[in-house]
Amino acid sequence: MRPIAAAFALGLLAFHGAGAAAGDGWPARKALTMVLPAGAGGSSDPLARLLALEMGQRLGQTIVVQNRPGAGGNVGMAQAARAQPDGYTMVISWTGPLATNLALYKDVGYDPRADFEPVGMVGCTPNVLAVSGDFPANSLAEFEAYAKTKKSKLSYGTTGVGSSWHIAGEMLSREMDNGLVHIPYQTPGAALTDMKAGRLDAIFPVVPMTVGHVRAGDMKVLAVFSTERASVLPDAPTTVEQGRADLISDTCFALLAPKGVDAAALAAMNKALNEVLRDPGARPKIEAMGIQIRAGAPAALAQYLDAEIPRQARLVQASGATAQ
């Protein structure tokens with residue numbers, strides 16, 4: 001009877017354990033969920049699925065990616081914030097829902113600092129100035145010089161007011177004495193199509209969206225809004241190299257969990273995440289997505305949010321966007 005009694009006691013412990021503690025056998029109870037506040041097939045989807053697979057192997061449990069798009073990421077973030085803090089839900093997010101949206105929406109439905117525990121940074125990918133393959137400029141200086149020859153202002157497309165595309169575009173437009181006209185689109189694909197067809201002069205996407213088109217020859221990247229070149233775009237010079245150190249814009253990805261998750265479980269999540277980011281097999285795959293890896297402790301993510309939230313508020317205000 002002793003083995004049966006022991007098994008029964010363990011079952012009671014598992015049933016009554018409300019929090020997630022690594023010492024309680026977490027995460028053996030069930031599969032984990034990684035909420036992604038974006039649609040399937042988007043630029044962040046491959047990253048989420050790779051992390052879910054690799055982290056799951058290290059934690060000894062399946063991690064299922066759950067796409068929850070809507071309101072620029074607010075829908076998925078709000079859902080994750082309401083999840084039980086039992087260690088079986090995490091969310092992979094980016095600068096928009098973590099910082100920018102707080103200045104773009106009157107009520108996002110969550111607080112990135114109060115409603116979540118930071119697990120760790122994943123990495124960042126910069127915005128770029130991209131034009132069609134036959135655009136008559138091959139550098140930032142040539143782009144600005146060409147703009148001065150036109151009777152009307154050059155146009156640039158974005159994925160919406162206050163998006164990273166918009167903020168990067170407005171940064172450059174201000175440097176050009178408001179020399180660019182902003183045209184918002186519903187989807188990045190629509191802006192890309194119009195740019196390649198010559199109906200739009202430029203776009204300011206993040207690196208991952210550009211790589212295939214640059215290699216195909218139907219897009220040129222004139223400047224990477226970063227202090228260092230993107231490894232997947234080695235021939236594209238940075239804004240800093242071109243004498244424009246003030247033009248820096250990127251999107252950073254991070255992993256979080258609902259507030260109240262047990263510290264031991266958080267430490268295990270962070271350990272698994274950093275092991276993936278440093279793994280010689282996984283790391284090149286992430287870098288191939290155009291992401292500059294930033295592994296680190298949860299405290300580093302907390303510091304990033306504390307600095308990025310007010311910085312994004314200033315950028316949004318400068319862009320002219322108003323809270324919806």
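**Helix 11 and its surroundings**

Pro 298 lies in helix 11, in a model that is predicted. With a relative accessible area of 26%, Pro 298 is partly exposed. Leaving out residues up to four places away in sequence, this proline touches Pro 118, Val 119 and Asn 270. A longer view along the chain is given by Gln 57: Pro 298 and Gln 57 are separated by 241 residues in sequence, and their C-alpha atoms are 21 Å apart in space.

The helix itself is a good place to begin. Helix 11 runs over residues 298-319, and its 22 residues should span 32 Å at 1.5 Å a residue; the end C-alpha atoms are 31 Å apart, which agrees with that expectation. Along the way there is a kink of about 25° at Glu 308, shortly before the proline Pro 310. Just after the helix, Gly 320 adopts a positive phi of about 90°.

We may turn next to burial. The buried residues of helix 11 are Leu 301, Ala 302, Tyr 304, Leu 305, Glu 308, Gln 312, Leu 315, Val 316 and Ser 319. Glu 308, where the kink lies, is thus itself on the buried list. An α-helix has 3.6 residues a turn, so residues three or four places apart point the same way. The cover over the buried residues of helix 11 includes two helices, helix 4 (95-104) and helix 6 (164-175), together with strand 4 (116-126) and strand 10 (250-258).

Of these covering elements, helix 6 can be described in some detail. The axes of helix 6 and helix 11 come within 9 Å and cross at roughly 60°. That angle makes helix 6 oblique to helix 11. The crossing in which helix 6 passes helix 11 is left-handed. On the helix 6 side, the residues that meet helix 11 are His 166, Ile 167, Glu 170, Met 171 and Arg 174; their counterparts in helix 11 are Gln 312, Leu 315, Val 316, Ala 318 and Ser 319. Among these counterparts, Gln 312, Leu 315, Val 316 and Ser 319 belong to the buried residues of helix 11.

A further residue, in a strand, rounds off the description. Thr 89 is part of strand 3, which covers residues 89-94. Its relative accessibility is 13%, so Thr 89 counts as buried, the cut-off being under 20%. Setting aside neighbours within four places in sequence, Thr 89 is in contact with Thr 33, Val 35, Ala 83, Ala 257 and Pro 258.

Definitions and conventions
Residues are numbered from 1 along each chain as its sequence is written. This is a predicted model: local features need pLDDT of at least 70, side-chain atom pairs count only at pLDDT 80 or more; totals for chains, interfaces and linings use all residues. Side-chain values use heavy atoms; hydrogens and water are left out. Helices (H or I, at least four residues) and strands (E, at least two) are DSSP runs, numbered from the N terminus. The expected span of a helix is 1.5 Å times one less than its number of residues. The bend at a residue is the angle between axes fitted to the seven residues ending there and the seven starting there. Buried means under 20% relative accessible area, exposed over 50%, partly exposed in between (1.4 Å probe, protein chains only). Contact means heavy atoms within 4.5 Å. Axes are lines fitted to C-alpha atoms, for helices over the stretch in contact, and angles run from 0 to 180 degrees between N-to-C directions. Angles under 35 degrees count as roughly parallel, over 145 as roughly antiparallel, 65 to 115 as roughly perpendicular and the rest as oblique. A crossing is left-handed if the near helix is turned anticlockwise from the far one by less than a right angle, and right-handed if clockwise.
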